[in-house]
Amino acid sequence: MPQPSSGRPSRPTPLLALTADTLVAADFRPRTRHRPPGPYRRLLATPGARAFTIGNLMARMPMGMFSVSAVVMIAGTRGSYALAGAVTATGMAATALVAPWTARFVDRHGQAGVALPATLVAALGSIALLLCVRFDAPAWTLFAAYAATATTPNTGGMARARWAHLLKGRKGAADALHTANSFEQAADELCFMLGPVLAAFLCTAWFPEAGTLVGVVLLVTGMLLFTAQRGSEPPARPHPTAKAPFRVPGIPPLLAVCLAMGAVFGAVEVVTIAFAEAQGHRAAAGVVLALQAAGSCAAGLLYGAVKPSGPAERRLPWCVAAMTALMTLPLLAASLTGSLPLLALTLLVAGMATAPTMVTTMTLVQHRSPEGRLNEGMTLAVTGLLGGIACGSAAGGWTVEHASPTAAYGIPVTAAAAALLLALAPARRPARRARA
């Protein structure tokens with residue numbers, strides 16, 4: 001006789017079945033154990049965080065696409081890699097000059113009011129470059145068009161400023177900000193890892209201008225989504241009372257460290273391409289460099305998931321020392337074996353020190369930047385990196401031409417050692433530090 005229903009759903013009971021000489025038990029009862037959310041899940045659960053992160057990642061992806069797309073597009077139609085390299089170098093120099101001013105206007109007038117118009121100007125510069133290449137315009141127009149892309153805002157810096165604004169004053173804000181900085185650094189590495197591959201695929205599988213067109217669409221669409229999230233935007237400060245970040249004690253030494261670290265990145269890129277070409281595998285250079293970025297991305301996510309010990313001032317020399325030590329591995333692999341697969345493995349390992357070093361550096365920049373001028377301080381750090389990349393590329397290329405690709409791997413080791421010396425040098429701290 002069936003039992004009367006109590007009005008509540010019955011809980012499933014274990015199911016028993018006999019198969020040959022084996023008794024099988026299947027338990028369909030729900031599991032009630034819940035794992036506590038991890039640091040990244042907690043971070044992205046912050047109100048407004050996911051919305052601006054999606055747009056920011058879209059706008060940031062073209063960072064790794066535009067230069068590769070320009071080189072392929074110009075070299076493919078004009079037949080000159082020298083012209084393509086000169087045009088991209090001019091754009092990088094223009095960015096180093098214009099980016100701090102763009103960031104200053106962002107701090108004073110708000111992200112939505114400045115970043116979106118600046119992005120549209122940069123997009124028009126990319127379209128102008130495409131048209132000049134397509135219709136065989138004079139060479140000087142290529143330089144002028146690509147220089148206009150220097151108004152592209154520092155999307156990573158704006159995202160870090162939003163995290164600092166959202167997490168300010170909350171319980172455990174320091175640990176959450178460390179996780180946020182690690183997440184943003186991993187996002188940078190991911191964009192620089194996937195961007196060149198995507199650009200090269202589009203330019204070769206479709207048509208030479210495809211990489212630039214897709215990059216423009218991603219940049220504008222992502223910036224529209226990012227700036228539409230007004231709830232997480234830091235307040236504008238039209239009349240900041242604090243002095244410029246460059247004049248704040250403690251910031252110039254960090255910029256010098258960024259300059260030296262940029263030289264590491266620029267030299268590794270050029271030397272790796274030259275080494276792969278010398279081995280007869282030039283097409284594999286992109287994969288080898290992507291492995292380095294993958295190692296940095298993984299290390300950045302792991303670094304953000306753990307609670308750092310000690311202040312960032314003490315962690316920075318250790319991070320740079322680890323980067324210096326690991327940068328000797330590619331030099332040893334190239335000089336002792338000449339094996340490209342082994343070189344790729346050592347670059348993967350060496351890249352694991354990049355993200356922790358960059359996260360710690362950016363954390364110090366955040367701490368030392370004056371109130372209301374955070375985006376300007378972050379952009380100055382990026383400008384230092386760009387300047388270092390240009391110097392490292394030039395030094396690496398010169399050494400490749402006058403010595404060998406193997407010997408040129410000594411350039412990133414030397415630059416990393418210089419960054420270590422700068423990080424160990426005592427720096428006068430600001431008397432009154434403004435927390436981000």
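**Helix packing and a few single residues in a predicted model**

The protein has 17 helices and two strands, and the model looked at here is a predicted one. Of its 436 residues, 48% count as buried. Sequence-distant contacts show up a lot: take the contacts between residues at least 6 apart in sequence, and 82% of them join residues at least 24 apart.

One helix pair gives a handy close-up. Two packed helices are described by the angle between their axes and the distance between the axes. For helix H5 (residues 111–134) and helix H6 (residues 139–147), the angle comes out at about 165° and the axes lie 7 Å apart. Angles over 145 degrees count as roughly antiparallel, so H5 and H6 are roughly antiparallel to each other. As for handedness, H5 passes H6 in a left-handed crossing.

Which residues in H5 and H6 meet? On the H5 side they are Gly125, Ala128, Leu129, Cys132 and Val133, and on the H6 side Thr141, Leu142, Ala145 and Tyr146. Sorted by character, the residues of this contact comprise seven nonpolar and two polar ones, with no charged residue in the set.

The loop between H5 and H6 holds a backbone oddity, since that is the place of Asp136. Asp136 is not a glycine, yet its phi is positive, at about 55°. The residue is also exposed, with a relative accessible area of 57%.

Next, the cysteines. A disulfide is a covalent bond between the sulfur atoms of two cysteines. A search of the whole structure turns up zero disulfides. Two of the cysteines can be placed by accessibility: Cys258 is buried, with a relative accessible area of 0%, and Cys319 counts as buried too, at 12% relative accessibility. The cut-off behind both calls is a relative accessible area under 20%. Another cysteine, Cys132, has already come up as one of the H5 residues that meet H6.

Further along the chain, Val287 is found in helix H11 (residues 285–305). Is Val287 buried or exposed? At 55% relative accessibility it counts as exposed, because the bar for that label is anything over 50%. Val287 also pairs up in space with a residue from a distant part of the sequence: Met193 is 94 residues away along the chain, but the C-alpha atoms of Val287 and Met193 are 8.9 Å apart.

Technical notes. Residues numbered from 1 in each chain as written. Predicted model: local features only at pLDDT ≥ 70, side-chain atom pairs only at ≥ 80, totals over all residues. Heavy atoms only, no water. Axes fitted to C-alpha atoms, helices over the stretch in contact; angles between N-to-C directions. Helix = DSSP H or I, 4+ residues; strand = E, 2+ residues; numbered from the N terminus. Parallel < 35°, antiparallel > 145°, perpendicular 65-115°, else oblique. Left-handed = near helix turned anticlockwise from the far one by under 90°. Contact = heavy atoms within 4.5 Å. Nonpolar A, V, L, I, M, F, W, Y, C, P; charged D, E, K, R; others polar. Buried < 20%, exposed > 50% of the residue type's maximum accessible area, 1.4 Å probe, protein only. Disulfide = S-S within 2.5 Å.
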